[in-house]
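Q: Please take a close look at the shell of residues around the ligand. Which parts of the chain build it, and what is its make-up by class?

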Amino acid sequence: MIIEQNIPLANKNWFMTGGAARYWCEPQTEQEFVEALDYARNRNLDIFVLGAGANILISDDGFDGLVIRPSLTAISFDLSAGLVTAGAGVHIQQLIDACLDHHVIGLEEFSGIPGTVGGSVFINIHYFQFLLSQFLHHARVINRATGHVQEVDAAWFEFGYDHSKLFERQHYVIDATFKVTLVDALKAAYARGRRDEIVRHRRQRYPNSNTCGSFFRNFLPEELPFEVNGKKMPFIAYYLDKIGIKGALRVGNAVVSHQHANMLVTQPGAISQEVIELARTMQRLVREQFGIVPHVECQLVGFKEDPFLGN
Ligand SMILES: Cc1cc2nc3c(=O)[nH]c(=O)nc-3n(C[C@H](O)[C@H](O)[C@H](O)COP(=O)(O)OP(=O)(O)OC[C@H]3O[C@@H](n4cnc5c(N)ncnc54)[C@H](O)[C@@H]3O)c2cc1C
């Protein structure tokens with residue numbers, strides 16, 4: 001496996017910003033993943049495992065360590081058991097499309113969400129009432145310190161809203177196996193229609209490039225010291241809509257999307273620092289008006305200090 005140096009990361013993440021990786025590799029097998037971890041350990045390098053870059057903001061100074069982008073892209077079915085297994089580098093949409101080609105349904109609820117299997121298990125992607133953890137049967141993870149690969153069940157991940165055990169960054173996904181349902185041709189055609197409808201709906205509602213999706217996560221009920229109309233209001237978009245920033249607030253070439261107040265969008269020439277200053281301004285405005293500070297969902301890469309308020 002080739003380890004490259006000084007590889008730009010701006011073209012490898014959805015914000016299209018950020019500096020370079022000091023070291024870079026794309027393991028294609030489990031053994032190469034082990035070798036990549038060995039390489040970093042032997043040189044005392046920090047590690048970042050990259051998926052499609054759809055939920056990260058990379059420092060303009062880049063990442064002073066080894067970026068590993070798993071290129072494990074196999075998909076296999078065990079139809080009698082109702083299971084599909086996909087490598088960490090498989091894009092979620094590729095997996096959905098492969099399932100539907102095999103008359104296998106379930107995962108199409110996540111249609112149109114950018115990202116790989118690894119990144120999606122990491123954060124437990126969600127869309128309306130569906131969480132990826134509801135479908136995960138088991139996975140194989142590699143231990144950062146030892147390179148040991150183990151099979152773990154869904155409970156091991158301690159999944160929550162926007163959370164999994166992978167946040168400890170001691171393990172990385174090699175592949176994941178999901179529970180799915182084999183159906184007849186008519187039901188498969190219906191599921192394909194549902195996929196297309198979800199994608200169409202998402203394209204109308206959300207920006208589809210130069211963003212990380214939702215920048216802030218929703219609040220947990222216990223984080224809210226007050227009620228709105230007699231109940232807790234966890235949705236961050238509610239507060240961001242109220243401060244009137246949609247399509248209006250801008251720092252340099254970073255703007256709040258006109259389609260969604262929780263989506264920051266970069267324009268040509270943008271740098272990550274502009275995204276940070278825009279997001280900090282949003283945090284300040286929400287704090288001034290409501291006394292609560294939005295929590296960042298987007299994962300930060302290469303920053304020496306957390307640049308945000310209250311996280
Ligand atoms: C336009 C847009 C719309 C979106 N809509 C939604 C939505 O509806 N619902 C939703 O939940 N999310 C949404 N997102 C967020 C994003 O799609 C998910 O977070 C996705 O799972 C990111 O996957 P990725 O491969 O790009 O991960 P990356 O952004 O590359 O990485 C994210 C995190 O995952 C970790 N990671 C990546 N691979 C592995 C691995 N193999 N093992 C362990 N950790 C790993 C990284 O280290 C990093 O901490 C949206 C994003 C965009 C840009």
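A: The answer starts at the ligand and then turns to the domains.

This is a predicted model. In it, 33 residues surround the ligand. The closest are Gly-51, Gly-115, Gly-118, Gly-119 and Gly-213. Four elements give two or more residues each to this shell: β3 (46-49), α3 (117-123), β9 (126-127) and β13 (171-179). Helix α3 gives the most, with five residues.

Next, the make-up by class. The shell around the ligand has 20 nonpolar residues and 13 polar ones. It has no charged residues.

Now the domains. The chain is divided into three: domain 1 (4-68), domain 2 (75-205) and domain 3 (221-301). Domain 1 and domain 2 each supply at least three residues to the shell around the ligand.

These two domains also touch each other. Twelve residues of domain 1 are in contact with 13 residues of domain 2. On the side of domain 1 that touches domain 2, α1 (30-42) and β3 are the elements that give two or more residues. Here α1 gives the most, with five residues. By class, this side of domain 1 divides into eight nonpolar, two polar and two charged residues. The C-alpha centres of domain 1 and domain 2 lie 23 Å apart.

One strand links the two topics. Strand β3 gives two or more residues to the shell around the ligand, and β3 also gives two or more to the side of domain 1 that touches domain 2.

Note on methods. Residues numbered from 1 in each chain as written. Predicted model: local features only at pLDDT ≥ 70, side-chain atom pairs only at ≥ 80, totals over all residues. Near = placed C-beta within 6 Å. Nonpolar A, V, L, I, M, F, W, Y, C, P; charged D, E, K, R; others polar. Domains from an automatic or database assignment. Contact = placed C-beta atoms within 7 Å.
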